[in-house]
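Q: Please take a close look at a single part of this structure, the sheet, and set out in one connected account how it is arranged and what surrounds it.

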Amino acid sequence: MTIEQNFLPTGLAGPEIGNRLAAQPYQYRRRELVEPDWTRLPGWRDVTRSEWESAQWQRAHCVKNLRQLRDVYGDLIPETFYRDLEHDQAESATMSLLIPPQMVNTIVPGRVPDLDAVYADPVRRYMLPVASDRDREWPSHPHATRDSLHEKEMWLVEGLTQRYPTKVLAELLATCPQYCGHCTRMDLVGTSTIQFSKLKLETKQPARLDGIIDHLQRSPQIRDVVVSGGDVANVPWRLLEDFLTRLLAIDSIRDIRLATKALMGLPQHWLQDDIVRGMERVATLARRRGVNIAIHTHVNTAQSVTPLFARAAKTMLETGIRDVRNQGVLMRNVNDSPDQLLDLCFALLDEAGVIPYYFYMCDMIPNSEHWRLAVWEAQEIQDQIMGYLPGFATPRIVCDVPYLGKRWVHQLTGYDRTRGVSHWTKNYLTSIEADDPAAAYRLYEYFDPIRSLPGSGQMWWRREFPATDRSPAMAGAPACTS
């Protein structure tokens with residue numbers, strides 16, 4: 001008898017063990033990546049492969065308004081959808097419309113789209129939100145804020161946010177190649193919408209970057225810089241390479257992370273010869289200096305992992321950077337099941353060499369309640385995805401708590417499930433708390449979406465915030481309690 005047989009339950013034969021293992025809650029299957037056929041869409045019926053794989057063509061043909069979207073879909077989608085989208089753009093949208101063809105092509109990727117399929121599609125749900133998606137009673141949480149993480153409040157100089165003792169966020173610009181409906185930086189990024197005027201960076205970009213570098217040169221306690229915006233794919237390469245070279249000359253900097261959703265949304269950008277050669281120069285310099293440089297991207301669904309994205313990610317790894325990592329956002333009706341997250345993580349890891357890193361809970365910005373999940377829901381999903389992926393590639397689901405920072409969803413210290421209020425602690429001071437040592441010992445609050453609460457909890461919020469008193473776009477910050 002083998003050791004394995006010795007440990008089989010009495011009366012259970014080998015084939016029965018196989019059947020039991022085959023009945024796991026999640027079944028891993030490696031799926032071949034296929035680039036969706038863009039010619040299935042009337043507006044791109046005559047687009048050649050060389051045009052499609054051109055970054056310039058992609059940028060020139062981004063969908064920026066309803067007319068351009070109609071031109072893409074032709075008569076495949078009836079006018080009711082466009083009226084729904086127009087209604088949302090007029091009354092709720094926090095981000096203006098901007099989607100590269102590459103992303104549009106991943107909406108209903110496997111067939112000619114129709115109305116029902118477009119409405120149900122997860123990429124559409126967060127890139128093209130419509131009025132009927134929104135929560136009608138609670139489109140926003142009463143404690144939602146335009147700058148939900150208070151990043152501007154924590155600027156050391158314009159565009160340089162410090163929320164953690166050794167890490168900073170450098171916002172180089174306020175634009176992206178694509179605008180996501182759930183963007184946590186909706187207060188800064190993109191052009192103003194009908195309902196929301198955007199914050200403007202006042203200092204000209206070269207001077208602003210000089211100010212960031214100067215501050216970091218005088219701050220030896222900072223070792224880790226996230227270079228973001230906006231999206232670094234919108235920074236002219238010469239300017240971005242110069243900024244990274246100057247960062248690499250600062251002895252205290254040990255980690256640099258480039259934030260770009262465009263690795264997925266516009267992979268053609270990162271496949272351009274001049275960008276690849278530039279990244280090779282930066283990676284070589286980083287290795288020589290002993291600095292880790294990585295790319296952080298933002299993919300939310302497995303259908304977004306296409307051959308072009310995989311080629312772009314692998315090309316970046318071949319330049320010599322340390323890693324490409326994914327930071328997705330957990331959203332209702334987009335990726336809120338264990339199967340959806342695991343399908344995405346395996347596609348990233350197996351086909352693109354991308355490490356699943358974080359899934360953030362959707363932040364408490366205005367008009368986001370229909371996307372947000374409760375902390376307990378995120379905890380359940382985290383539990384259910386454990387054990388399938390390698391440990392180094394098992395993503396953590398994190399809650400970015402206002403005035404605190406990222407916390408794994410199981411790290412809360414108290415939780416009122418009825419009212420949906422969770423309490424969290426931290427062990428450091430942010431850049432605005434140097435004169436307030438007690439800030440490290442406070443309880444910080446995060447709020448579940450109200451429609452996820454039991455009836456008694458929903459009634460409590462209705463009494464506290466009658467419909468006539470709800471103005472979430474201008475609401476104050478979530479409270480801190482001592």
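A: **The sheet and its surroundings**

Helix H16, which spans residues 338-352, lies across strand S7 (323-330), strand S8 (355-361) and strand S9 (396-401), and it runs at about 145° to S8. This description rests on a predicted model.

The sheet to which these strands belong is open and is formed by ten strands, in the order S1-S2-S3-S4-S5-S6-S7-S8-S9-S10, with mixed pairing. Its edges are strand S1 (155-157) and strand S10 (405-408), and because each has a single partner strand, one side of each is left without a neighbour in the sheet.

Further in, strand S3 (residues 167-171) pairs with strand S4 (residues 224-228) in the parallel sense, over five bridges; as one instance of this register, valine 168 has valine 225 in S4 as its bridge partner. Helix H11 (residues 237-248) packs on the sheet here, touching S3, S4 and strand S5 (255-259), and the direction of this helix makes about 175° with that of S4. Within helix H11 sits glutamate 241, a charged residue that nevertheless counts as buried, because its relative accessible area of 15% falls under the 20% limit. Leaving aside residues up to four places away in sequence, glutamate 241 touches Gly278, Arg281 and Val282.

The loop between S4 and H11 holds glycine 230, and the peptide bond that leads from glycine 229 to glycine 230 is cis, with omega near 20°. Most peptide bonds are trans, and most residues other than glycine have a negative phi.

Strand S2 (residues 160-161) contains leucine 160, which is buried with a relative accessible area of 0%. Beyond residues up to four places away in sequence, the contacts of leucine 160 are Met154, Trp155, Val168, Leu169, Ala170, Ile212, His215 and Leu216. One of these deserves a separate remark: leucine 160 and isoleucine 212 are 52 residues apart in sequence, yet their C-alpha atoms are 6.3 Å apart in space.

Two loops that follow strands of the sheet show a further backbone feature. In the loop between S8 and helix H17 (375-385) lies asparagine 367, whose phi is positive, at about 60°, although it is not a glycine; asparagine 367 is buried, with a relative accessible area of 9%. Tyrosine 403, in the loop between S9 and S10, likewise has a positive phi, of about 65°, without being a glycine, and at 13% relative accessibility tyrosine 403 is also buried.

The sheet also contributes to enclosed space. The structure holds three cavities of 30 Å³ or more, and in the largest cavity there is about 880 Å³ of space. This largest cavity is lined by 38 residues, of which Thr184, Arg185, Ser228, Ala259 and Gln327 are the closest to its centre. The elements that supply two or more residues to its lining are S3, S4, S5, strand S6 (292-297), S7 and S8, and S3 gives the most, with three residues. By class, the lining of the largest cavity comprises 16 nonpolar, twelve polar and ten charged residues.

For comparison with open space, the largest pocket contains about 310 Å³ and is lined by 19 residues, with Arg31, Glu32, Leu33, Ala302 and Ala347 nearest its centre. The lining of this pocket divides into nine nonpolar, three polar and seven charged residues.

Definitions and conventions
Residues numbered from 1 in each chain as written. Predicted model: local features only at pLDDT ≥ 70, side-chain atom pairs only at ≥ 80, totals over all residues. Heavy atoms only, no water. 1 Å grid on protein atoms, 1.4 Å probe; cavity = no way out; pocket = protein on both sides within 12 Å on 5 of 7 lines; lining within 4 Å. Points joined across faces, edges and corners; volume = space filled by probe spheres on them. Pairing = 2+ DSSP bridges. Helix = DSSP H or I, 4+ residues; strand = E, 2+ residues; numbered from the N terminus. Contact = heavy atoms within 4.5 Å. Axes fitted to C-alpha atoms, helices over the stretch in contact; angles between N-to-C directions. Buried < 20%, exposed > 50% of the residue type's maximum accessible area, 1.4 Å probe, protein only.
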